[in-house]
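Visitor: Could you take a close look at one part of this protein with me, and explain how its strands are held to one another and what covers them? I would rather follow one careful account than a list.

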Amino acid sequence: MKAYFKPITAIICVLALAFLAACSEASLGISNQGRDIAAEPLSVHSLVQLDAWPEYQAAQAKEDLAAGFDLKPSYYQTGTDIYARLQNADWQIASLGVFPALLVLNTGQAELVGLASDESAANILFARQGDPILSQKTDGLPGSQSLIKGKTFILTTASTSSVLLHHYLKKFNLTERDININSMEPEDALKAFQAGKGDYLLLWSPYIYKAFDEDWVPVLNGQNLALHLPMVYLAKAGWSEKNKDRIKAFMKTRDPYIKSYREPSAALVKDIKNFFKAEVNTTFSDEQVKDLISRHALYTSDEQQELLDQGQVEQWLSENADIYSQQEKFTPKDLERIRKAHFYINAGYLT
């Protein structure tokens, strides 16, 4: 009997050891074939805007883990806040507007790897009820040179608001030197305008909805002037070259949500409301979310690649960069160097 049980005992021991080994491997993120299946952290720095919602939603569904990365988002009030943070952080991916993106690209330490959104319609110039520019038009646009000249505009400078203001003034043969500019962060700008300071206010989403709640009147937005105000994805040079598959996986996890976003269901609207509530403690109505969706063009990875390959994104960046150069935010030499590098665009991470 003892001889009979020895093989059985040995088999049981082997199976037990295999089970323990499998458990240990699983706890370490290793498959039983020896492949590393641990989801490595992926740091993404973004504004709390609608274009950050697709990856957030993918992470809520654990799709980031399934794709081999663990999304670690950090959210900011302005793009210049992100730029400042990137100077002292071991970052991987950042979603930025044109000006802060140019600042990062100017260091030569990043590549432009994707297009997060075009938010031209989400950048709005506001006036108070009864302002004269609301009742007078010049070539179809609210306002006139005499009504605008010398007035005070409150905005966050070196931002998409700067671009909108520049083009608006240009329509009346005016420049920034013909008006007064009071530069503030969005929340401070709202408070100042509430206190009666300034004549006009420029904001982007989600802050525009606080302006709507005050019954301030939208004069026009970037889309009314046929502008393109992109948010772009940058990846840290060096890291990006070694992590092409991870960048691609990040972009691909966003795609299903971008497709469903174009025909928003009640469930999708609820998901977006939850995103803003969770990340900035802001409550939106269903109608506000639907309006927000209508103001942001989001792009799948295939659409991004097409726009990057065809030179559309480079053209948008160049048009915006010209304005920042005129405002002396960039030296002509720096801008020329970035242009010659085609803004360090690399669509290869999307394929």
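Guide: Two strands are taken to pair when DSSP finds at least two bridges between them, and that rule is what lets us read the strands of this predicted model as joined partners. In general, the strands of a sheet pair through backbone hydrogen bonds, in either the parallel or the antiparallel sense.

Let us begin with strand 12, residues 230–236, which has partners in strand 3 and strand 4. Strand 3, residues 93–97, runs antiparallel to strand 12 and is joined to strand 12 by five bridges; within that pairing, S95 has Y233 as its bridge partner. Strand 4, residues 110–118, is also antiparallel to strand 12, and here seven bridges make the connection, with S117 bridged to M231. Strand 12 is mostly covered, since six of its seven residues count as buried.

The part I would look at most closely, however, is the sheet that contains strand 10. This is an open sheet of five strands, arranged in the order 9-8-10-5-11, and its pairing is mixed. Its edges are strand 9, residues 180–183, and strand 11, residues 217–221, each of which pairs on one side only. Taken on average and with direction ignored, neighbouring strands of this sheet are turned by 25° against each other.

Starting from the edge at strand 9, we meet strand 8, residues 152–155, which runs parallel to strand 9 and is joined to strand 9 by four bridges; in this pairing T152 stands opposite N180. Strand 8 is also paired with strand 10 in the parallel sense, over two bridges, and F153 has Y200 as its bridge partner there. On passing to strand 5, the sense changes: strand 5 and strand 10 are antiparallel and share five bridges, one of the bridged pairs being N123 with W204.

How far, then, is strand 10 enclosed, given that buried means under 20% relative accessible area? Five of the five residues of strand 10 are buried, so the strand is largely enclosed by the rest of the structure. The cover extends to both faces, because Y200, L202 and W204 on one side, and L201 and L203 on the other, are all buried. Helix 8, residues 186–194, lies across strand 10, residues 200–204, as well as across strand 5, residues 123–127, and strand 8, and helix 8 runs at about 150° to strand 10.

For a helix in which buried and exposed residues can be told apart by side, turn to helix 13, residues 286–294. Its buried residues are Q288, V289, L292 and I293, and, seen down the helix axis, they fall within an arc of 140°, so they line one face of the helix. An α-helix has 3.6 residues a turn, so residues three or four places apart point the same way. The buried residues of helix 13 pack against helix 9 (208–213), helix 11 (244–261) and helix 12 (266–280), whereas E287 and S294, on the other side of helix 13, are exposed.

Two single residues may help you to read burial elsewhere. D64, found in helix 3, residues 63–66, is buried with a relative accessible area of 4%. Beyond its neighbours within four places in sequence, D64 is in contact with A58, A59, F69, D70 and L71. S325 belongs to helix 15, residues 312–326, and at 17% relative accessibility S325 counts as buried; with neighbours within four places again left aside, its contacts are F330 and L335.

There is also open space to consider. The largest pocket holds about 260 Å³ of space, and of the 13 residues that line this pocket, the closest to its centre are E176, R177, I181, Q326 and Q327. Helix 7, residues 160–170, gives the most to that lining, with three residues.

To set these parts within the whole, the protein comes to 16 helices and 13 strands, and 48% of its 351 residues count as buried. Among contacts between residues at least 6 apart in sequence, 80% join residues at least 24 apart.

Technical notes: Residues are numbered from 1 along each chain as its sequence is written. This is a predicted model: local features need pLDDT of at least 70, side-chain atom pairs count only at pLDDT 80 or more; totals for chains, interfaces and linings use all residues. Side-chain values use heavy atoms; hydrogens and water are left out. Axes are lines fitted to C-alpha atoms, for helices over the stretch in contact, and angles run from 0 to 180 degrees between N-to-C directions. Contact means heavy atoms within 4.5 Å. Buried means under 20% relative accessible area, exposed over 50%, partly exposed in between (1.4 Å probe, protein chains only). The arc is that of the directions from the helix axis to the C-beta atoms. On a 1 Å grid over the protein atoms alone, a cavity is a set of points where a 1.4 Å probe fits but cannot get out, and a pocket is an open set with protein on both sides within 12 Å along at least five of seven lines; lining residues have an atom within 4 Å of a point. Grid points are joined across faces, edges and corners, and a volume is the space filled by probe spheres set on the points.
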